[in-house]
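Welcome, and thanks for taking a look at this one with me. Please open the sequence and the model side by side before reading on.

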Amino acid sequence: MDTFMGFSVHMDFEGQKLAERLFQIIVVAFGAVGWLYGYYVQDFFMTVLTLGAGFVLASLVTLPPWPIYRRYPLKWAPSQDTTTSVSNTESTSSKKKKK
């Protein structure tokens with residue numbers, strides 16, 4: 001299932017790594033700025049509010065599978081019919097036994 005209501009719903013491995021890194025950077029930066037601002041105004045609520053805003057921003061940036069997170073798709077091997085490969089294996093092993 002690659003789409004849901006016309007929107008792509010997957011990320012590749014490099015995209016997941018990038019999204020995780022961006023999330024951490026945004027949350028830590030907003031946490032540090034929020035702590036400094038809260039200390040300056042002597043209001044812990046402003047610290048929590050700033051951290052919450054950073055969390056919301058980081059979620060909007062990293063949770064949807066934006067095209068930047070789908071730049072390196074995996075190259076899958078073509079599928080093989082298992083019944084054909086099993087019967088071919090059996091026929092070659094039976095030929096070896098007859099010799």
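What follows is a short tour from the overall fold down to single residues.

**The overall picture**

Please keep in mind that this is a predicted model. The protein contains three helices and two strands, and along the sequence they come in the order β-β-α-α-α. Of its 99 residues, 14% count as buried. The protein exposes about 8400 Å², with carbon and sulfur atoms supplying 68% of that area. If you look at contacts with a separation of 6 or more, residues 24 or more positions apart account for 71% of them.

**The annotated spans**

An unreviewed UniProt entry carries the annotation "transmembrane region" for residues 21–38 and 44–66. How much helix does the model show over residues 21–38? The chain is 100% helix and 0% strand there, and the C-alpha atoms at the two ends are 25 Å apart. For residues 44–66, the model gives 83% helix and 0% strand, with 34 Å between the end C-alpha atoms. Helix α1 runs over residues 13–41, while helix α2 covers residues 44–62.

**Between the two helices**

The loop between α1 and α2 holds Q42, a residue worth a click if you like backbone torsions. Its phi is positive, at about 55°, although Q42 is not a glycine. For context, most residues other than glycine have a negative phi. Q42 is also exposed, since its relative accessible area of 64% is over the 50% cut-off.

**Along helix α2**

Three residues of this helix make a nice series, so let us start at its end. Is T62 buried or exposed? T62 counts as buried because its relative accessible area is 6%, under the 20% limit. Setting aside neighbours within four places in sequence, T62 is in contact with M11, A19, L22, F23 and Y69. The side chain of T62 also has a polar atom that lies 2.6 Å from the backbone oxygen of A58.

S59 is in helix α2 too. With a relative accessible area of 15%, S59 is buried. Which residues does S59 touch, leaving aside its neighbours within four places in sequence? The contacts of S59 are F23 and P64. F23 therefore appears in both contact lists, that of T62 and that of S59.

V56 lies in helix α2 as well, but V56 counts as partly exposed, at 47% relative accessibility. Its C-alpha atom is separated by 9.9 Å from that of I26, a residue 30 positions away along the chain.

**A nonpolar patch**

Where does the nonpolar surface patch sit? F13, L74 and W76 make it, and the patch has an area of about 430 Å². F13 belongs to helix α1. F13 is exposed, with a relative accessible area of 56%.

**Accessibility at a glance**

The table gathers the residues discussed above for quick reference.

| Residue | Relative accessible area | Class |
|---|---|---|
| F13 | 56% | exposed |
| Q42 | 64% | exposed |
| V56 | 47% | partly exposed |
| S59 | 15% | buried |
| T62 | 6% | buried |

To close, two places to return to in the viewer are T62, with its contacts to M11, A19, L22, F23 and Y69, and Q42, with its positive phi of about 55°.

Notes
Residues are numbered from 1 along each chain as its sequence is written. This is a predicted model: local features need pLDDT of at least 70, side-chain atom pairs count only at pLDDT 80 or more; totals for chains, interfaces and linings use all residues. Side-chain values use heavy atoms; hydrogens and water are left out. Patches are made of residues with over 30% relative accessible area and no salt bridge: like charges are joined within 9 Å, nonpolar side chains (Val, Leu, Ile, Met, Phe, Trp, Tyr) within 5 Å. Accessible areas come from the Shrake-Rupley method with a 1.4 Å probe; for residues, only the protein chains shown count as cover. A salt bridge is a side-chain nitrogen of Lys or Arg within 4 Å of a carboxyl oxygen of Asp or Glu. Helices (H or I, at least four residues) and strands (E, at least two) are DSSP runs, numbered from the N terminus. Buried means under 20% relative accessible area, exposed over 50%, partly exposed in between (1.4 Å probe, protein chains only). UniProt positions are given in the numbering used here, feature names are shortened, and annotations may be inferred rather than shown by experiment. A polar contact is a pair of N or O atoms within 3.5 Å; within protein, one must be able to donate a hydrogen and the other to accept it, and residues adjacent in sequence count only if both atoms are side-chain atoms. Contact means heavy atoms within 4.5 Å.
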